[in-house]
Amino acid sequence: MVQHNFKSIQSVPTAKDFIDIVLSKTQRGTPTVVHNGWAIQRIRQFYMRKVKFTQSSWHDKLTQILDDFPKVDDVHPFYSDLMNVLYDKDHYKLALGQINMCRNLIDRICHDYVRLLKYGDSLYRCKQLKRAALGRMCTLMKRQGPSLQYLEQARLGGGCEPGTSCGMQGLLVRQHMSRLPSIDPNTRTLLVCGYPNVGKSSFMNKVTRADVEVQPYAFTTKSLYVGHTDYKYLRWQVIDTPGILDRPLEERNTIEMQSITALAHLRAAVLYIVDISEQCGFTIAQQSTLFHSIKPLFSNKPVLIVANKTDVVRLDALSASDRALVDEMAAEAGRISSGGHAMMGTSDETTLVTMSTLTEDGISAVKQVACDRLLSSRVEVKLKGKRVGDVVNRIHVAMPKARDGVSRPPVIPPGVAAARARRDAGERRRTEKDLQEEQGGAGVYNGDLRKLYDLKNPDWKYDIMPEIMDGKNILDFVDPDIDARLEALEREEEALAAAAADAAASIDLGADLDPEERATLEAIRGKKKKLVADHRRKKSAGNNQAPIPRAVDPERSRTRQRMQAELGAMGLDAAAAAKSAARSQSRRGRSLVRKRDRSAAADAEMGEAEAPPKRIHSSKSRSMSRGRALSMAAPEANKGLRDATQRNKAIKMADKAQWYAGMQAKKGEGDRHIPDLMPKHLFSGKRPKGSTDRR
């Protein structure tokens, strides 16, 4: 039998919302641009794709609805009848049948129009066929509006027929089904029933963790409530049913019919609550009449008559006629529980118990008796079944037999007997905890692990553990005089080291050298010392040392003579630069040459300049079109360029490098910006109406 989860049913949209959902999904999920200049086959495929996508969306969503809602013939008979009581089974099946028929018709419409689209001879005709197909599908779904509305909203009990309008006072079928209690029809169940206001909900609140509303008026409980309790390490479910009135079945309302359905289909122990104080508004005679009218629903179930409100009226204080009615109900309950026969070996106390939900007197006894009766009943049913014979035939219970007449009493080892005697005498074994407290406590005490060693000779526990290397004990190779020999060896090594140092000091490496060679040796040694000093200074500073200014150069290595020599080797005249450096040198590193002095020097140089040189550049280069001043002027002094040819070449190289940067829209060599040529918020998704101003 199919176990259905009513809480997983998804919401059912209205017909208008359904159409909007599917058409918007088609618009978002298929291409939207088609041109008249395309090949006709491409245009046909464009519109066929739209029709097929729409049909697939309808099919999937309608299939989801049909699969979510339970089928009346597949669920348990209890749920089937409960759905019939709440929603009218015929209307429910009719609504699902219309949804199924609509799904099939939409599939057929798609098949027909796709076949017509294959022969479309123009874009206009294909578009009209697509429009007709989607229009027929939407018209078909509009006709299913009442069925969709019924599945989402219907009146409690009978519902509203498909094709008619359901009022706002109706109850949501899907939501109500998802809120139905999770009742397991096959588990251990206690079913509480009776007239309204007899104490059914109060009893359930006492024995379970449920919180059912209790009020002093009739029909406070309008539906089935489920609670759970534990007994003998088993989980039991307790069901509180709405009150039942004594009237014909066809006159009972939906609330009462829920109780009748539970009594008819659930295999449970029935607790019929009787208010012996008659404070519920019904006499004991009326409650007895109701019991006899619904007793056909108790067949093959253990039935228990529970006399409630004993704190107001004791069972012994009832009148003779009322007590006779209660005893008659108890006897009838015993007969029903035994399958229509009188109960053997039991009395009426097993079917008649008393309690008070106000003082909680007898509630645990009622629970215990009901659970025991149900357990024994379930065992009897299983033993009477057909499957028991197959199981019993495969079970063999072995009974051991005595092999001889020798008595073999249990034997207790002497050590165990001595330990028991010491324990009985009050002797207590000292534990590691006791030793720790005696020897300084936690953090100070160091446990002795060697005392637990299991060795052949217990005296070996505290021996020095040897060290093993290459499978051999190191202690076997230790010389007893190793310390004295080691000391003598160290003294000998010290004497040899001192003799070697004296011999090295007495050697004169320059004794056999002439004065020229001796001078060369001294120069080599000085150079070596300088390299070592430079290396050590650089190593100590590392990479954190800032560039040293020329004014604070400790070795004064950046001199005018060195600059003039290095530039002369490159073919440049450094006389003017050396002269300028000599004039501008100062203690603080600032120039001492006045502005007028520099101007005078510049005028003198301009006066000495000769006629303008000939323009030198390549005719194929566009870099020389930047201006006549750059291409015609002679190279300035102190720029590191020999002549105008080298200067023009440098200009070309700079222009070429800048051209590459310009082609990539770079500001310079250091520009690492990567532009976003297509921002996602402007180029993603479909364009809605009125957004073309920023595309």
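Me: A salt bridge is a side-chain nitrogen of Lys or Arg within 4 Å of a carboxyl oxygen of Asp or Glu. How many salt bridges does a search of the whole structure find?

Reply: This is a predicted model, where local features need pLDDT of at least 70 and side-chain atom pairs count only at pLDDT 80 or more, while totals for chains, interfaces and linings use all residues. Residues are numbered from 1 along each chain as its sequence is written, and side-chain values use heavy atoms, with hydrogens and water left out. Searching the whole structure for salt bridges gives 20.

Me: Which residue meets R235 in a salt bridge?

Reply: R235 has a relative accessible area of 43%, so it is partly exposed (buried is under 20%, exposed over 50%, partly exposed in between; 1.4 Å probe, protein chains only). Its partner has 42% and is partly exposed as well. The two side chains come to 2.8 Å, N to O, and the partner is D230.

Me: In the salt bridge of R428 and D434, what is the distance from N to O?

Reply: Take the two ends in turn. R428 is exposed, at 62% relative accessible area. D434 counts as buried, at 19%. Their side chains meet, N to O, at 3.0 Å.

Me: Which residue meets E438 in a salt bridge?

Reply: The N to O distance here is 2.7 Å. The partner of E438 is partly exposed, at 49% relative accessibility. That partner is R430.

Me: Which residues do salt bridges that share partners join into one network?

Reply: Some salt bridges have partners in common. Through these shared partners, one network takes in R247, R252 and E256.

Me: How many aromatic pairs does a search of the whole structure find?

Reply: Rings of Phe, Tyr and Trp (its six-membered ring) pair if their centres lie within 6.5 Å; planes under 30 degrees apart are stacked, over 60 edge-to-face, the rest tilted. By that rule, the search of the whole structure comes to ten.

Me: Stacked or edge-to-face: what kind of aromatic pair do W659 and Y660 form?

Reply: The ring centres of W659 and Y660 are 5.1 Å apart. Y660 is partly exposed, with 46% relative accessible area. The planes of the two rings are 70° apart, and the pair is edge-to-face.

Me: Which residues form one aromatic cluster with W38?

Reply: W38 belongs to an aromatic cluster. Alongside W38, the cluster holds F46 and Y47.

Me: How many disulfides does the count come to?

Reply: A disulfide is a pair of cysteine sulfur atoms within 2.5 Å. C126 is buried, at 0% relative accessible area. C193 is buried too, at 0%. The count of disulfides by this rule is zero.

Me: How far apart in space are D112 and A133, C-alpha to C-alpha?

Reply: D112 sits in helix α4, residues 89–117 (helices, H or I of at least four residues, and strands, E of at least two, are DSSP runs numbered from the N terminus). D112 is partly exposed, at 28% relative accessible area. In sequence, D112 and A133 are 21 residues apart. In space, C-alpha to C-alpha, the distance is 8.8 Å.

Me: Which residue is 123 residues apart in sequence from M141 and 8.0 Å apart in space?

Reply: M141 is part of helix α5, which covers residues 123–142. M141 is buried, with 0% relative accessible area. At 8.0 Å from M141, C-alpha to C-alpha, is F18.

Me: Y233 is not a glycine; about what phi does it have?

Reply: Y233 is in the loop between β2 (225–231) and β3 (234–240). Y233 is exposed, at 87% relative accessible area. The phi of Y233 is positive, at about 60°.

Me: Where does E360 lie?

Reply: E360 has a positive phi, near 60°, in a residue other than glycine. One neighbouring element is β6 (352–354) and the other is α12 (363–384). E360 is in the loop between β6 and α12.

Me: Is I474 buried or partly exposed?

Reply: I474 is placed in the loop between β8 (472–473) and α16 (482–506). The relative accessible area of I474 is 30%, so this residue is partly exposed.
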